[in-house]
Amino acid sequence: MTTDTTTRDTAPGAAVPGEAVLDARGVTMRFGGLTAVRNVDLTVNAGEIVGLIGPNGAGKTTFFNCLTGLYIPTEGEVRYKGAVLPPKSFKVTAAGIARTFQNIRLFANMTVLENVLVGRHTRTKEGLWSALLRGPGFHRAEAASRARAMELLEFVGLAGKAEHLARNLPYGEQRKLEIARALASEPGLLLLDEPTAGMNPQETRATEELVFAIRDMGIAVLVIEHDMRFIFNLCDRVAVLVQGEKLVEGDSATVQGDERVVAAYLGEPFENDPGAAEVAEVEAAEAQADTVTDAVPGKENDR
Ligand SMILES: Nc1ncnc2c1ncn2[C@@H]1O[C@H](COP(=O)(O)OP(=O)(O)OP(=O)(O)O)[C@@H](O)[C@H]1O
Ligand SMILES: [Mg+2]
């Protein structure tokens with residue numbers, strides 16, 4: 001017996017609308033003399049996409065680690081749907097929080113499908129060891145689990161590469177696979193740590209759509225990114241961390257217009273369409289590339 005089902009419109013961990021899915025209060029994390037995160041409060045409500053931004057070393061990933069049981073905060077409390085989180089990452093995953101990592105962590109020599117199946121072990125009664133050892137009961141669970149894993153690969157656009165080794169995927173697809181693996185634990189909250197790092201502009205736009213679709217499945221999202229166009233297009237609210245402290249929190253306009261955020265991180269205010277200059281630059285470059293391709297058939301590096 002497993003908890004698997006193969007078709008669903010909303011995630012099983014989906015929360016009641018308006019409910020606080022994540023409630024972090026006074027989270028502080030010290031490493032010796034260094035306070036990487038200082039007294040940070042953050043909530044994520046059901047149905048929300050919340051952004052966490054800030055300069056390098058601001059404490060964003062450390063904060064994620066405090067939310068997922070990798071670190072036990074020096075001070076403060078983290079609640080998921082009202083319950084204090086257990087201080088172990090596998091228990092946090094089982095409770096309903098899934099994450100991806102800034103430095104991709106896949107099983108490089110497993111297939112794409114196997115990576116997603118490993119992500120399912122908190123949701124199948126058989127568990128990880130049975131899955132790896134093919135113990136009694138595994139085969140009963142396998143068909144349903146594989147169907148759900150394929151459904152998730154379809155969702156992120158990797159179904160065609162299910163049997164490829166994870167290490168052979170291009171970087172952007174490895175990030176998508178990490179998302180599929182995180183979704184395999186059927187979370188109510190997904191934490192994404194720089195999901196578009198290393199992606200080209202088209203992949204980044206596709207990832208935006210993917211995050212909206214995840215939200216529409218009933219999964220709340222907390223996302224760290226340095227790509228401000230991505231953040232301001234996507235997020236209902238954005239919190240800014242600077243030197244471990246939350247400087248500002250608000251909607252995109254509030255954050256973009258805050259002089260302290262501009263001074264500490266953004267550099268200059270965005271216009272109404274954030275990233276417009278970047279898009280114009282990419283489009284101009286693409287137009288030029290088309291012209292060159294038209295004039296000289298065949299690829300320069302085609303060997
Ligand atoms: N395990 C650790 N031991 C000691 N110091 C740490 C540890 N993890 C993080 N730090 C320090 O905490 C601070 C915050 O780092 P963190 O990785 O959380 O920043 P970040 O906001 O995610 O930065 P980036 O945008 O570059 O990913 C840094 O000064 C870092 O060196
Ligand atoms: Mg980080």
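The following exchange goes through the fold and the ligand shell of a predicted model.

Trainee: How many helices and strands does the chain have?
Mentor: This is a predicted model. Of the 303 residues in the chain, buried residues make up 40%. The secondary structure comes to 11 helices and 10 strands.

Trainee: What share of the contacts in the chain with a separation of 6 or more comes from residues 24 or more positions apart?
Mentor: The count takes contacts with a separation of 6 or more. Within that set, residues 24 or more positions apart account for 69%.

Trainee: In what order do the strands of the six-stranded sheet lie?
Mentor: This sheet is open and its pairing is mixed. Neighbouring strands are turned by 20 degrees against each other on average, direction ignored. The order is β6-β7-β8-β3-β9-β10.

Trainee: Which strands stand at the edges of that sheet, and why is one side of each left without a neighbour?
Mentor: An edge strand here has a single partner strand, so one side is left without a neighbour in the sheet. The strands in that position are β6 (97-99) and β10 (245-250).

Trainee: In which sense do β9 and β10 pair, parallel or antiparallel?
Mentor: Strand β9 covers residues 237-242, and five bridges connect it to β10. One of the pairs sets L241 against K246 of β10. The sense of this pairing is antiparallel.

Trainee: In which sense do β7 and β8 pair, parallel or antiparallel?
Mentor: On one flank, β7 is joined to β6 by three bridges in a parallel run, with A98 bridged to L190 of β7. Towards β8 there are five bridges, and L192 has V223 of β8 as its bridge partner. The sense of the β7 and β8 pairing is parallel.

Trainee: Which residues of β7 point the other way from L189, L191 and D193?
Mentor: In a regular strand the side chains alternate between the two faces of the sheet. In β7, L189, L191 and D193 point one way, and they are buried. Five of the five residues of β7 are buried. The residues that point the other way are L190 and L192.

Trainee: Which strands does helix α7 touch?
Mentor: Helix α7 (residues 201-216) packs on the six-stranded sheet. Its direction makes about 150 degrees with that of β8. The strands touched are β3 (49-53), β7 (189-193) and β8 (220-224).

Trainee: At what angle does α10 run to β10?
Mentor: Helix α10 is made of residues 259-266. This helix lies across β3, β9 and β10. Its angle to β10 is about 125 degrees.

Trainee: In what order do the strands of the four-stranded sheet lie?
Mentor: This sheet is open, with antiparallel pairing. β2 and β5 (83-84) each have a single partner strand, so they stand at the edges. The order is β2-β1-β4-β5.

Trainee: Which residue stands opposite L22 in β2?
Mentor: Strand β1 (residues 20-31) is joined to β2 by eight bridges, and the two run antiparallel. β1 also pairs with β4 (residues 75-80), over five bridges, where L22 has Y80 as its bridge partner. In β2, the residue opposite L22 is V44.

Trainee: Which residue in the hairpin of β1 and β2 takes a positive phi?
Mentor: The hairpin has two residues between the strands. The positive phi is near 55 degrees, and the residue that takes it is G32.

Trainee: Which element gives the largest share of the shell around ligand 1?
Mentor: The shell includes F31, L34, A36, K60, T61 and T62. Two or more residues each come from β2 (34-45) and α1 (60-67). α1 also packs on the four-stranded sheet, touching β1, β2 and β4. The largest share, three residues, comes from α1.

Trainee: How many charged residues are in the shell around ligand 1?
Mentor: By class, the shell holds four nonpolar and seven polar residues. The number of charged residues is one.

Trainee: How far apart are the axes of α3 and α6?
Mentor: Helix α3 (residues 112-119) and helix α6 (residues 171-183) pack at about 35 degrees, in a right-handed crossing. The contact involves residues including V112 and V116 of α3 and L177 and A180 of α6. By class, it has six nonpolar, two polar and one charged residues. The axes are apart by 7 Å.

Note on methods:
Residues numbered from 1 in each chain as written. Chains lettered and ligands numbered in written order. Predicted model: local features only at pLDDT ≥ 70, side-chain atom pairs only at ≥ 80, totals over all residues. Near = placed C-beta within 6 Å. Nonpolar A, V, L, I, M, F, W, Y, C, P; charged D, E, K, R; others polar. Axes fitted to C-alpha atoms, helices over the stretch in contact; angles between N-to-C directions. Left-handed = near helix turned anticlockwise from the far one by under 90°. Contact = placed C-beta atoms within 7 Å. Pairing = 2+ DSSP bridges. Buried ≥ 20, exposed ≤ 12 C-beta atoms within 10 Å, placed from the backbone.
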